[in-house]
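Please go through the chain below with its fold in view, and use the briefing that follows to find your way around it.

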Amino acid sequence: MIKTAGFSRPGKRLARAVMCLAAACTSAAGVAQTGDAQGFDCLIEPWAAVDVSFADHGIISFINVEAGDSVKKGDVLAGLDSGVEAASVELRKFKANLSEEISAADATRAFSERNLQRLEDLYKSKAIPFHKLDEAQTDTTVARNRARQARDNQELAKLELKMAEQVLERRSIRSPIDGFVVERHKSVGEYLEEEPVLSLAQIDPLRVHVLVPVALYGRIHKDMQAQVTPEAPLQEHRGKARVVIVDRNVDVASGTFGVQLELDNPGGAIPGGLKCSVNFDDLKL
């Protein structure tokens with residue numbers, strides 16, 4: 001189970017930081033009119049922050065990661081005790097691979113069809129009565145139905161195997177993102193119901209939040225380029241960012257509106273949670 005952290009721990013920090021930035025952006029609005037402003041204060045946050053948990057309940061059997069570990073999308077992060085579910089998968093796999101029932105049914109069907117052919121020839125020459133032919137026809141029909149039923153049973157066993165595999169999959173957690181472990185909430189041996197086990201964050205790309213004066217509304221648009229400079233001592237990691245969201249609502253109290261940018265962060269060189277400065281390309285203040 002994956003819970004996207006809209007206003008999780010990082011989100012709450014972001015909310016407080018954005019409120020603090022509002023005052024700075026209000027004063028920046030006045031400076032912007034003079035053309036003296038060199039950039040706007042901003043905040044760098046992970047692109048995604050998620051709490052992950054199991055889709056089932058039970059006792060935690062293993063946790064493969066600790067806080068700070070890097071994870072790749074699809075990595076198995078943790079698992080519940082699943083001895084019964086694993087045994088069920090093996091049982092259904094064995095049944096799905098059984099072919100003896102089909103082979104026996106096919107052999108019976110083939111024999112019945114050959115026997116029917118012989119009796120039809122004998123009946124045509126008036127060597128046997130009709131009831132003998134009727135019995136052979138009935139036996140052949142039953143044999144054909146049993147051969148079809150054997151194949152249907154095998155298909156049913158394959159479907160049951162898929163269902164058992166899905167049940168077993170629910171006993172483990174796979175990472176939904178490329179990123180790192182922010183926090184580990186549970187330990188091996190604990191009984192779990194719906195609580196989160198791990199908090200993850202994706203920092204490539206990064207999300208940059210900035211509040212800009214309402215006087216610039218309509219001049220900043222989606223896909224617009226900007227230069228983002230992190231605070232010291234990481235200012236050397238400045239890079240190009242792209243506007244992905246321009247808020248449609250203006251904050252009356254601060255006279256600002258929000259803009260979000262996407263900043264590539266190969267190798268995770270820039271951590272989330274940093275203050276920064278952003279300069280929009282082709283934006284004359």
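Arg151 counts as partly exposed, at 39% relative accessibility, and this residue is found in helix H4. The model is a predicted one, and in it the C-alpha atoms of Arg151 and Ser103 are separated by 9.9 Å, although the two residues are 48 positions apart along the chain. Leaving out residues up to four places away in sequence, Arg151 touches Ile102 and Asp106, both of which are among the buried residues of helix H3.

**Helices H2, H3 and H4**

- The 25 residues of H3, numbered 100-124, should span 36 Å at 1.5 Å a residue, and the end C-alpha atoms of the helix are indeed 36 Å apart, which agrees.
- Buried positions in H3 are Ile102, Ala105, Asp106, Ser112, Leu116 and Leu119, and these residues pack against H4.
- H2, which covers residues 83-96, has 14 residues that should span 20 Å at 1.5 Å a residue, in agreement with the 20 Å between its end C-alpha atoms.
- Within H2, the buried residues are Glu85, Val89 and Ala96; seen down the helix axis they fall within an arc of 45°, so they line one face of the helix.
- As background, an α-helix has 3.6 residues a turn, so residues three or four places apart point the same way.
- Val84 and Phe94 are exposed on the other side of H2, whereas the cover over the buried residues of H2 includes helix H4, residues 130-169.

**The disulfide**

- A search of the whole structure finds 1 disulfide, which joins Cys42 to Cys276 with an S to S distance of 1.9 Å.
- Cys42 lies in strand S2 (residues 40-52) and Cys276 in strand S13 (residues 274-280), so the pair ties together parts of the chain that are 234 residues apart in sequence.
- Both ends of this link are buried, since Cys42 has a relative accessible area of 1% and Cys276 has a relative accessibility of 7%, each under the 20% limit for buried.

**Nonpolar cores**

- In soluble globular proteins, nonpolar side chains tend to be buried together.
- Here the largest nonpolar core has 25 residues, and those with the most contacts inside it are Val210, Val212, Ile220, Val259, Leu261, Val278 and Phe280.
- At least two residues of this core come from each of S2, S9 (198-213), S10 (225-230), S11 (239-251), S12 (256-263) and S13, and the largest share, 5 residues, is supplied by S9.
- Val210, when neighbours within four places in sequence are left aside, is in contact with Phe40, Asp41, Cys42, Phe257, Gly258, Val259, Leu261, Val278 and Phe280, and one of these partners, Cys42, also takes part in the disulfide.
- A second core, separate from the one just described, has 17 residues, including Ile63, Ile177, Val181 and Leu198.

**Backbone features to check**

- Most residues other than glycine have a negative phi, and most peptide bonds are trans.
- The peptide bond that joins Asp204 and Pro205 is cis, with omega about 5°, and Pro205 has its place in strand S9.
- A cis peptide bond also runs from Ala232 to Pro233, where omega is near 5°; Pro233 lies in the loop between S10 and S11.
- Lys126, which is not a glycine, has a positive phi of about 65°; Lys126 is found in the loop between H3 and H4 and, at 76% relative accessibility, counts as exposed.
- Asp223 is another residue other than glycine with a positive phi, near 75°; Asp223 lies in the loop between S9 and S10 and is partly exposed, with a relative accessible area of 44%.

**The chain as a whole**

- The protein chain contains 4 helices and 13 strands, and buried residues make up 37% of its 285 residues.
- Of the contacts in the chain with a separation of 6 or more, 75% are accounted for by residues 24 or more positions apart.
- About 16400 Å² of the protein chain is exposed, and carbon and sulfur atoms supply 53% of that area.

Methods
Residues are numbered from 1 along each chain as its sequence is written. This is a predicted model: local features need pLDDT of at least 70, side-chain atom pairs count only at pLDDT 80 or more; totals for chains, interfaces and linings use all residues. Side-chain values use heavy atoms; hydrogens and water are left out. Buried means under 20% relative accessible area, exposed over 50%, partly exposed in between (1.4 Å probe, protein chains only). Contact means heavy atoms within 4.5 Å. Accessible areas come from the Shrake-Rupley method with a 1.4 Å probe; for residues, only the protein chains shown count as cover. A disulfide is a pair of cysteine sulfur atoms within 2.5 Å. A nonpolar core is a set of buried Ala, Val, Leu, Ile, Met, Phe, Trp, Tyr and Cys residues joined through side-chain atoms within 4.5 Å. The expected span of a helix is 1.5 Å times one less than its number of residues. The arc is that of the directions from the helix axis to the C-beta atoms.
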